[in-house]
Amino acid sequence: MEVIYHDEPFKIQSLPLTDIHVFDNWLSPDIHFWFDSCVRHCARWNQTNQVDRAGQIRHKFWGITFYREDYTRDDPLDDYGWFAKTIDNRLQSEFGFSWKRFDYAGMNGQTIGLQGTVHEDCQDKDDQNISFLYYNNLHWQQEWGGQLRIYDEKAKREVGFHDNLLQHQIHAIDYKPNRLLMFDGRIPHSADAPVGTTYHNRQSLVVRGSEAELILEE
């Protein structure tokens with residue numbers, strides 16, 4: 001498994017994804033600013049996004065849930081998620097697929113101390129899945145941390161985040177504004193909390209589905 005950096009999106013030719021794909025400056029500056037502004041002014045932030053292992057909560061982030069399975073909403077009368085659906089539609093168009101089993105679209109927000117623990121986005125049997133992460137912050141300094149850590153299969157037996165877990169790490173991808181990541185959600189991963197600042201949250205849009213159908217061009 002490699003981390004591959006691209007200049008522009010491409011049509012997916014086969015699933016499962018075997019590498020982690022990174023796209024910098026994915027959105028134009030005006031759309032990047034628009035999306036970040038939508039998120040910052042959304043009143044739906046609350047501390048509910050969590051990972052459970054062995055019946056216990058292992059980490060809990062600030063977050064916004066836009067859509068759950070089959071695009072259902074927590075509040076069907078609230079239209080706050082229209083901008084997330086716009087981004088989701090763009091992902092499907094640019095990468096050439098449609099969701100057969102859509103799982104989730106929402107925001108993660110990490111402040112200092114909200115360390116992410118090792119987890120996977122879907123089950124091992126879901127080999128046609130796709131996970132996307134989009135980093136919407138307008139400004140970020142490298143010394144603030146926030147890396148996405150990628151682990152080998154043995155990390156699936158681990159719980160939490162600890163020094164021994166790092167022996168299973170195979171990649172670390174920096175947090176960078178306007179960066180998009182695409183990968184197989186069965187890969188164990190975790191997201192570092194920010195360090196060195198109390199004024200910036202590490203924010204990311206999560207869009208994922210357990211099964212995607214490719215739209216292959218002739």
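**Notebook: buried spots, odd backbone and overall fold**

Started with Asn-25, which counts as exposed at 58% relative accessibility. I had picked Asn-25 for its backbone: phi is positive, about 55°, although the residue is not a glycine. I placed Asn-25 in the loop between β2 and α1, the helix spanning 29–40. Note to self: this is a predicted model, so everything here is computed.

**Second positive phi**

I then looked up Asp-70, another non-glycine residue with a positive phi, here about 60°. Asp-70 lies in the loop that runs from β4 (56–67) to α2 (82–95). Is Asp-70 buried or exposed? I find Asp-70 exposed, with a relative accessible area of 63%. I flagged these backbone angles because most residues other than glycine have a negative phi, and most peptide bonds are trans.

**The cis bond**

The peptide bond between Leu-15 and Pro-16 is cis, and I read omega as about 10°. Pro-16 sits in the loop between β1 (3–6) and β2 (20–23). Leu-15 came up again when I listed what Asn-129 touches, so I went there next.

**Asn-129**

Where is Asn-129? I found Asn-129 in the loop between β5 (97–110) and β6 (130–135). With a relative accessible area of 0%, under the 20% cut-off, Asn-129 is buried. I checked what the side chain does there. It makes a polar contact of 2.9 Å with the side chain of Asp-184. The Asn-129 side chain also reaches the backbone nitrogen of Gly-185, at 2.7 Å.

I wrote down the touching residues of Asn-129, setting aside those up to four places away in sequence. Among them are Leu-15 and Cys-122, the run Phe-183, Asp-184, Gly-185 and Arg-186, and also Gly-209, Ser-210 and Glu-211. So the list includes both polar partners, because Asp-184 pairs at 2.9 Å and Gly-185 at 2.7 Å, and a polar contact needs atoms within 3.5 Å while touching needs heavy atoms within 4.5 Å.

**Gln-147 and Ser-190**

Next came Gln-147, in the loop between β6 and β7 (148–151). Gln-147 is partly exposed, at 23% relative accessible area. Which side chain does the Gln-147 side chain make a polar contact with? I get Asp-174, at 2.9 Å. Not counting residues up to four places away in sequence, Gln-147 touches Ala-172, Ile-173, Asp-174 and Tyr-175, then Ser-190, Ala-191 and Asp-192, and also Arg-202. I also took the C-alpha distance from Gln-147 to Tyr-199: 18 Å, with their positions 52 residues apart along the chain.

Since Ser-190 was on that list, I followed it up. Ser-190 belongs to strand β10, residues 189–191. Ser-190 is buried, with a relative accessible area of 1%. The side chains of Ser-190 and Tyr-151 are joined by a polar contact of 2.7 Å. With residues up to four places away left out, Ser-190 touches Gly-116, Thr-117 and Val-118, then Gln-147, Leu-148, Arg-149 and Tyr-151, and also Phe-161.

**Ile-4**

I went back to the start of the chain for Ile-4, in strand β1. I noted Ile-4 as partly exposed, with a relative accessible area of 30%. Which residues is Ile-4 in contact with, leaving aside neighbours within four places in sequence? I list Asp-19, Ile-20, His-21 and Val-22. The C-alpha atoms of Ile-4 and Phe-23 are 8.8 Å apart, at 19 residues along the chain.

**Whole chain**

To finish, I stepped back to the fold. I count 2 helices and 11 strands. Along the sequence they follow β-β-α-β-β-α-β-β-β-β-β-β-β. The radius of gyration is 16 Å, close to the 17 Å from the globule rule for 218 residues, so the chain is as compact as a globular protein of that length. I boxed the C-alpha atoms along the principal axes and got roughly 50 × 35 × 35 Å.

Of the 218 residues, 50% are buried. Among contacts with a separation of 6 or more, 79% link residues 24 or more positions apart. The accessible surface comes to about 10800 Å², and carbon and sulfur atoms hold 47% of that. Last entry, on charge: I have 22 positive and 34 negative charges, whose mean positions are 4 Å apart.

How values were computed
Residues are numbered from 1 along each chain as its sequence is written. This is a predicted model: local features need pLDDT of at least 70, side-chain atom pairs count only at pLDDT 80 or more; totals for chains, interfaces and linings use all residues. Side-chain values use heavy atoms; hydrogens and water are left out. Helices (H or I, at least four residues) and strands (E, at least two) are DSSP runs, numbered from the N terminus. The radius of gyration is taken over C-alpha atoms; the globule rule is 2.2 Å times the number of residues to the power 0.38. Buried means under 20% relative accessible area, exposed over 50%, partly exposed in between (1.4 Å probe, protein chains only). Accessible areas come from the Shrake-Rupley method with a 1.4 Å probe; for residues, only the protein chains shown count as cover. Lys and Arg count as positive and Asp and Glu as negative; His and the chain ends are not counted. The place of a charge is taken as NZ of Lys, CZ of Arg, CG of Asp or CD of Glu. A polar contact is a pair of N or O atoms within 3.5 Å; within protein, one must be able to donate a hydrogen and the other to accept it, and residues adjacent in sequence count only if both atoms are side-chain atoms.
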